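Please open the structure in your viewer and keep the selection panel at hand. The tour below proceeds from one selection to the next and states what is found at each stop.

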Amino acid sequence: MLTKKIQQASIDKVETYFERAENIVIVTHVSPDGDAIGSSLGLYHFLTGQEKNVHIVVPNAFPDFLRWMSGAKDIIRYDKDAELADKLIAEADVICCLDFNALSRIDAVAKPVAASQGRKVMIDHHLNPEPFCKVTISHPEISSTCELVFRVICRLGCFDDITREGAECIYAGMMTDTGGFTYNSNDREIYFIISQLLSKGIDKDEIYRKVFNTYSQDRLRLMGYVLYEKMQVLPQFRTALICLTQKEQNRFNSVKGDTEGFVNIPLQIQNICFSVFLREDAEKKMIKVSLRSVGDFPCNKVAAEFFNGGGHKNASGGEFWGTMDEAVEVFKRAVVKYEELLLKN
Ligand code: 5GP
Ligand code: MN
């Protein structure tokens, strides 16, 4: 059995909002990941089954390895179809904000969402949610937004309405946000939920292959290059750093999502507890920063303090506006400042 982690008052409000709504829009964060797309589609399948008119709007592209999910082709990209998205958001009775805690995380979609009269419901697991929603279901102790979506649907008394397609999307996000259940995944209720999802007929092994084993040859060669040539290990700080320029990404025909997961690899080295990946994004004219840690080291603090970002204790990110050399300088300042915490972790 699942414990009742979500407040009853929130569930009651969501129930009323959904009941009264005809048009519902689901929005999720920029550069959506498996949990963002999985939770959006999981909720989409449920609400569509309740005869609602549902649309998902994302700020920009999502990786190819999430395209297999049922309903993915109907997702509206704001960077491509702003006019349609603006209309849907303005006309929405309810706007579900999934897997993000601040309007700044949805880039240009923030403006129409803030302006819309639609009732906003946040379902998210990032720390410190901003108060822009009528209902805020925020649970940083829960490892994925997908798990929260599953819990919301169950609390609405609608477990039976979850389809195999919906269950696949929910499972995929739970799996990706825990690195295939290798971190943030000691809560035994996760495995109860998995067994419930399996009862819907999902093939979890196939989902794993579809998400993690569909890389291009280019991506694997880029990974080889990154690990051999680019990874710097700073054992004195128990830290590793990878910097990747746009030119290097072009050399390996890198496409969106190709560098996904690189930041986790250095944590396989004994005694390394902090990994930083700096990737130049020429299009956005910035350095995308990814941070990972093991144990108690709070990489979200480093992200917030040094890289205009945030996230979870063990997985965070941010953005840096400047050159790669400048970003590396900031990184060095960060590890020096956090040396004590790194060493005692
Ligand atoms: P990733 O390294 O996979 O891009 O991001 C890991 C996590 O860090 C995300 O799930 C998200 O919580 C957080 N994150 C990534 N980029 C940003 C950012 O630019 N700003 C904030 N506030 N959080 C971010
Ligand atoms: Mn998430």
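Begin by selecting Asp205, which is partly exposed because its relative accessible area is 44%; the term covers values between buried (under 20% relative accessible area) and exposed (over 50%), with a 1.4 Å probe and protein chains only. The model is a predicted one, in which local features need pLDDT of at least 70 and side-chain atom pairs count only at pLDDT 80 or more, while totals for chains, interfaces and linings use all residues. Residues are numbered from 1 along each chain as its sequence is written, chains are lettered from A and ligands numbered from 1 in the order in which they are written, and side-chain values use heavy atoms, with hydrogens and water left out.

**Salt bridges**

Add Lys204 to the selection: Lys204 and Asp205 form a salt bridge whose closest N and O atoms are 3.1 Å apart. A salt bridge here is a side-chain nitrogen of Lys or Arg within 4 Å of a carboxyl oxygen of Asp or Glu. Lys204 is partly exposed, with a relative accessible area of 33%. By this rule the structure has 15 salt bridges.

Next, select Arg164, Glu165 and Glu168. The side chain of Arg164 meets that of Glu165 in a salt bridge at 3.6 Å, N to O, and that of Glu168 in another at 2.7 Å, N to O. Why are Glu168 and Arg164 separated by about one helical turn? They lie 4 residues apart in helix H6 (residues 164–176); helices are DSSP runs of H or I with at least four residues, strands are runs of E with at least two, and both are numbered from the N terminus. Glu168 counts as buried because its relative accessibility is 13%. Arg164 is partly exposed at 39%, as is Glu165 at 28%.

A further selection is Glu147, Arg151 and Glu189, which are linked in a network of salt bridges.

**The manganese site**

Now centre the view on the manganese ion (ligand 2). Which residues coordinate the ion? The donors are Asp35 (OD), Asp99 (OD), His125 (NE2) and Asp177 (OD), at 2.2 to 2.4 Å. Donors are N, O and S atoms within 2.8 Å of the metal (3.2 Å for Na, K and Ca), and sites may look incomplete because water is not among the atoms. The spacing of the donor residues in sequence is D-x63-D-x25-H-x51-D. The pair Asp35 and Asp99 links distant parts of the chain, 64 residues apart: Asp35 is in helix H2 (residues 34–49), and Asp99 is in the loop between strand E4 (94–98) and helix H4 (110–115). Both Asp35 and Asp99 are buried.

**Loops with positive phi**

Select Ser31, in the loop between strand E1 (23–28) and H2. Ser31 is a residue other than glycine with a positive phi, near 45°, and it is partly exposed at 30% relative accessibility. Then move to Asn184, in the loop between H6 and H7. Asn184 is not a glycine either, yet its phi is positive, about 50°; its relative accessibility is 41%, so it counts as partly exposed.

**A last pair**

Finally, select Asp203, in the loop between helix H7 (188–198) and helix H8 (204–212). Asp203 is partly exposed at 36% relative accessibility. Add Val302: the two residues are 99 apart in sequence and 38 Å apart in space, C-alpha to C-alpha.
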